[in-house]
Amino acid sequence: MATLAKGSKKLTNAWAFYDWANSVYPLVISSSIFPLYYGFLFPKENPNILFLGYEFKSTALISFVTAFAFLCVAFISPILSGIADFAGNKKRFMQFFCYLGAISCIGMYWFTKDNIYFGIVCFFFGLIGFWGSLVFYNSYLPDIAYKEQQDSLSAKGYSFGYIGSVILLVINLIMILGKEGEEALHAMRMAFAMTGIWWILFAQYAFWYLPKGNKNADKITKDVVLNGFRELKKVQSQLYQNLRLYRYLVAFFVYSMAVQTVMLVATYFGEQEINWSTDSEKTTGLIISILVIQLVAVLGATLTSKASEKFGNISTLIVINAIWAIICVFAYFVTEPIHFYVTAGFVGLVMGGIQALSRSTYSKFLPKTDDTASFFSFYDVAEKIGIVIGMAIYGTIDQITGSMRNAIVFLMVFFVAGLLLLLRVTKNETSEVE
């Protein structure tokens, strides 16, 4: 088919639609159904798991597995993105990770207490597939949209993702509610399989229209891996020469560490720390809380985009970080369902905004280049290494103290530090995105 022009509506909508396809993974697997299922398998009355010869608190184990998965993604993504830009086939890499993640979700249907190793492996590769595909998905943004389109398009992508994932979650909710015991657990496993199928099917629209990659790239050679490292070295030197971009990336690394950790552990926190009266109330309450987060996040992403137009990207990010810090302190005292619902609403409001605006701000700060995947690999590596540190710290505090409350209030430190680091990106250095 003919190559679509940069900035065209059909091309930008196709890019944003991949969020519709893959956002079911973080919602169903990371945020709602799987944490519920995992909590029922390993209840807080008996939370310990013997894994690889060691005894872990169940929530700490999932934090450590998540941290290790992100460590792997952080290691391979800069190499792969450098190769993708050099070889001009970033779409092929994006497809590979998409299918890896989706098939792993389907495999999680067989995650049972008697099949814990297979289940953990599928959970592990699902994470790698989702985040690996985002390296290449994010790198398309400056390729397919002009600078003035990128804030709104980034927000549109997240909005598509929130809406699409909520539709599947509602379907899953209808399947699960009213069921008890093994019947309910089977419905949850069906939700895992449906997530993988949804992801594969709807991704095809984006894959049909997105360009292959850099048209002027050379052919793959036997030195392609070394060329990937050379690309990284070149990007690294440019980062150090661009003070504005460098300072922003450092700030992003710090506050993203906390944002992603909160998003990954929120439902585990609600499952373990909130005083639900019955298992049925817990299932309904947690899923409704996640729905609230997703729906409010659409509003949050839109409001943040509007705020950035009026007050500037950096100023808006500073305010959002301050709100996140307050949420972490408040969460320490949350014990009842109504408190959890209120907290979920505020989390949703700032979650969509900080993700969309962080991505588009970085895209605006990039120098003119065709090697966008290599630059975005630095963005993604910063995010992934931050998650590794955040989840490792969170899991360690949870394992040692036996309480997730102590771990989540500690994340406030990263939001405050991120706020202070954003202040260093001064007005005269940020020009139009201040």
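The following legends describe an overview and several close-up views of a predicted model.

**Figure 1. Overview of the predicted chain**. The chain contains 17 helices and 2 strands. Of its 434 residues, 61% are buried. Among contacts with a separation of 6 or more, 84% join residues 24 or more positions apart. The exposed area of the chain is about 17300 Å², of which carbon and sulfur atoms supply 66%.

**Figure 2. The hairpin of strands β1 and β2**. Strand β1 covers residues 48-51, and strand β2 covers residues 54-57. The two strands pair in the antiparallel sense over 4 bridges. One of the bridged residues is Phe51, whose partner in β2 is Tyr54. The hairpin has 2 residues between its strands, and Leu52 in the turn adopts a positive phi of about 55°. Side chains alternate along β1. Ile49 and Phe51 are directed to one face and are buried, whereas Asn48 and Leu50 are directed to the other face and are not buried. Phe51 thus appears in this view both as a buried residue of β1 and as the bridge partner of Tyr54.

**Figure 3. Packing of helices α10 and α13**. Helix α10 spans residues 243-273, and helix α13 spans residues 337-365. Their axes are 11 Å apart and pack at an angle of about 150°. The two helices are therefore roughly antiparallel, since angles over 145 degrees are counted in this way. The crossing of α10 and α13 is left-handed. On the α10 side, the residues making the contact include Tyr248, Phe252, Tyr255, Gln260, Met263 and Phe269. On the α13 side, they include Phe340, Met351, Ile354, Gln355, Tyr362 and Phe365.

**Figure 4. Surroundings of Gln260 in helix α10**. Gln260 has a relative accessible area of 4% and is therefore buried, the limit being under 20%. Apart from neighbours within four places in sequence, Gln260 is in contact with Trp131, Gln355, Glu383 and Ile387. Of these partners, Gln355 belongs to the α13 side of the contact with α10. Glu383 and Ile387 fall within the residue range of helix α14, residues 372-401.

**Figure 5. Crossing of helices α7 and α13**. Helix α7 runs over residues 147-176. The axes of α7 and α13 come within 9 Å and cross at roughly 145°. This crossing is right-handed, while that of α10 and α13 is left-handed. From α7, residues including Lys147, Gln150, Asp151, Tyr158 and Tyr162 meet α13. Their counterparts in α13 include Met351, Gly352, Gln355, Arg359, Ser363 and Lys364. Met351 and Gln355 also take part in the contact of α13 with α10.

**Figure 6. Surroundings of Gln150 in helix α7**. Gln150 counts as buried because its relative accessibility is 4%. Residues up to four places away in sequence aside, Gln150 touches Leu141, Pro142, Ala145, Ser360, Ser363 and Lys364. Ser360, Ser363 and Lys364 are also among the α13 residues that meet α7. The C-alpha atoms of Gln150 and Thr361 lie 8.7 Å apart, although 211 residues separate the two in sequence.

**Figure 7. Ile400 in helix α14**. With a relative accessible area of 68%, Ile400 is exposed, because the threshold is over 50%. The C-alpha atom of Ile400 is separated by 9.3 Å from that of Ala60. Along the chain, Ile400 and Ala60 are 340 residues apart.

Terms used
Residues are numbered from 1 along each chain as its sequence is written. This is a predicted model: local features need pLDDT of at least 70, side-chain atom pairs count only at pLDDT 80 or more; totals for chains, interfaces and linings use all residues. Side-chain values use heavy atoms; hydrogens and water are left out. Buried means under 20% relative accessible area, exposed over 50%, partly exposed in between (1.4 Å probe, protein chains only). Two strands pair if DSSP finds at least two bridges between them. Contact means heavy atoms within 4.5 Å. Accessible areas come from the Shrake-Rupley method with a 1.4 Å probe; for residues, only the protein chains shown count as cover. Axes are lines fitted to C-alpha atoms, for helices over the stretch in contact, and angles run from 0 to 180 degrees between N-to-C directions. Angles under 35 degrees count as roughly parallel, over 145 as roughly antiparallel, 65 to 115 as roughly perpendicular and the rest as oblique. A crossing is left-handed if the near helix is turned anticlockwise from the far one by less than a right angle, and right-handed if clockwise.
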